[in-house]
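Have a look at the model below, with the sequence alongside. We'll go through some charged pairs, then a strand and its neighbours, and end with a cavity.

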Amino acid sequence: MSSTEPAFAPPANVLPKVTPVRVAEGERLRSVRLQGMTLTVRSRPPAREGLPPALYVHGLGGSSRNWSALMPLVDDIVDNEAVDLPGFGDSPPPDDGDYSVTGHARAVIRYLDASGRGPVHLVGNSLGGAITTRVAAVRPDLVRTLTLISPALPELRVQRTAVPTALLALPGVAALFTRYTKGWTAEQRVRGVTALCYGDPTRVTPEGFRNAVEEMERRLRLPYFWDAMARSARGIVNAYTLGGQHALWRQAERVLAPTLLVYGGRDQLIGFRMARKAARTFRDSRLVTLPDAGHVAMMEYPETVAGAFRDLLAEPAARGTAESASAGS
């Protein structure tokens with residue numbers, strides 16, 4: 001993001017009243033004030049005390065609700081928390097307007113440092129995959145294992161279906177799109193997002209669709225919604241062009257934590273062909289491919305993702321990393 005571009009972050013006292021954020025049964029929400037930002041954290045109590053912590057990071061346009069299907073399937077092996085990144089979900093924009101991958105990674109690091117929960121089993125989807133890769137590379141002390149679901153790592157040939165999302169990064173496009181889609185209903189928008197992100201949109205239940213429409217209606221009332229989307233999209237594009245030690249693939253090579261990679265064969269945003277490159281790049285990786293899944297496998301096939309996550313945590317390498325990290329903390 002250009003340092004000369006003014007940040008748009010409306011004061012809290014001028015934000016419109018919106019409907020409350022939906023909380024699934026057993027979940028809790030809380031706000032955490034950190035340096036330069038406030039994060040909303042979604043959690044659910046673990047099945048028993050003493051379980052290792054896990055932290056989930058959503059993708060572009062998502063929220064902590066993206067993990068509500070997965071968390072109850074693993075709450076007997078980890079203590080689950082999911083964050084709303086700054087400007088998304090129920091988290092207000094960051095004070096400095098920084099929506100870069102580094103800025104979002106800084107938010108995750110600040111939360112882990114402040115909460116004292118690290119090292120955690122860190123899980124990211126899409127943009128969240130790029131963010132958590134950066135966190136694992138620069139702060140290995142905070143990460144026990146890393147799970148990446150369709151991570152937004154640089155591709156030489158971007159899929160045509162991903163181009164409209166990338167175009168949000170261009171100045172003025174978000175405002176233009178907002179005017180063009182002014183007449184679209186929340187239902188139309190959700191159907192479009194579902195068709196783009198799911199391998200099989202029919203897997204969305206009627207209740208899930210209603211909840212998504214409710215959340216979309218809420219987001220569209222937030223004056224900073226499109227600004228957060230555009231700036232975060234720009235952050236991904238900028239991260240794709242970085243070279244040297246800050247390049248995402250270079251940072252992937254530096255990740256020490258055991259890493260689970262999950263790719264969907266029907267992903268329209270992240271090329272399925274990138275799965276093999278990722279498996280070669282992360283030094284201690286295991287790859288799970290889901291031929292029928294789209295971009296959000298943890299929502300579309302939560303049981304399969306939960307099973308792969310359980311297998312990761314059961315491996316001696318993962319347990320050894322956790323013990324070493326705990327000893328050094």
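Start with aspartate 141 and arginine 139, whose side chains meet in a salt bridge with an N to O distance of 2.9 Å. Keep in mind as you look that this is a predicted model. How accessible are the two partners? Aspartate 141 is partly exposed, at 41% relative accessibility. Arginine 139 also falls into the partly exposed class, with 22%.

That pair is one of 18 salt bridges that a search of the whole structure turns up. The general idea is a familiar one: side chains of opposite charge can pair when their charged atoms come close.

Now jump to arginine 286 and glutamate 315, another salt bridge, with N and O 2.5 Å apart. Where do these two sit? Arginine 286 belongs to strand β8 (residues 285-290), while glutamate 315 is in the loop between α11 (302-314) and α12 (316-328), so the bridge ties together parts that are 29 residues apart in sequence. Arginine 286 counts as buried because its relative accessible area is 17%, under the 20% cut-off. Glutamate 315, at 24%, is partly exposed.

There's a bit more to the charged side chains than separate pairs. Arg30, Asp79, Glu81 and Arg117 are joined into one network by salt bridges that share partners. Within it, zoom in on glutamate 81 and arginine 30: their salt bridge has its closest N and O atoms 3.2 Å apart. This one links distant parts of the chain, since glutamate 81 is in strand β4 (residues 79-84) and arginine 30 in strand β1 (residues 28-34), 51 residues apart. Is each partner buried or partly exposed? Glutamate 81 is buried, with just 6% relative accessibility, whereas arginine 30 is partly exposed at 34%.

Those two strands bring us to β2, which pairs with each of them. On one side of the story, β1 and β2 run antiparallel and are joined by seven bridges. Serine 31 is a handy place to see this, as it stands opposite threonine 40 in β2. The two strands make a hairpin with two residues between them, and glycine 36 in the turn has a positive phi of about 80°. On the other, β2 and β4 pair, again in the antiparallel sense, over four bridges. Here you can look for valine 41, whose bridge partner in β4 is valine 83.

How many residues of β2 are buried? Seven of the seven in this strand (residues 37-43) are, so β2 is largely enclosed by the rest of the structure. In a regular strand the side chains alternate between the two faces of the sheet. In β2 both faces are covered: Met37, Leu39, Val41 and Ser43 are buried on one side, and Thr38, Thr40 and Arg42 are buried on the other.

Last stop, the empty space. The structure holds two cavities of 30 Å³ or more, and the second largest has a volume of about 40 Å³. Which residues line the second largest cavity? You'll find Gly87, Phe88 and Gly89 there, along with Arg219, Leu222 and Phe225. By type, the lining of this cavity divides into three nonpolar residues, two polar and one charged.

Technical notes: Residues are numbered from 1 along each chain as its sequence is written. This is a predicted model: local features need pLDDT of at least 70, side-chain atom pairs count only at pLDDT 80 or more; totals for chains, interfaces and linings use all residues. Side-chain values use heavy atoms; hydrogens and water are left out. A salt bridge is a side-chain nitrogen of Lys or Arg within 4 Å of a carboxyl oxygen of Asp or Glu. Buried means under 20% relative accessible area, exposed over 50%, partly exposed in between (1.4 Å probe, protein chains only). Two strands pair if DSSP finds at least two bridges between them. On a 1 Å grid over the protein atoms alone, a cavity is a set of points where a 1.4 Å probe fits but cannot get out, and a pocket is an open set with protein on both sides within 12 Å along at least five of seven lines; lining residues have an atom within 4 Å of a point. Grid points are joined across faces, edges and corners, and a volume is the space filled by probe spheres set on the points. Ala, Val, Leu, Ile, Met, Phe, Trp, Tyr, Cys and Pro count as nonpolar, Asp, Glu, Lys and Arg as charged, and the others, Gly among them, as polar.
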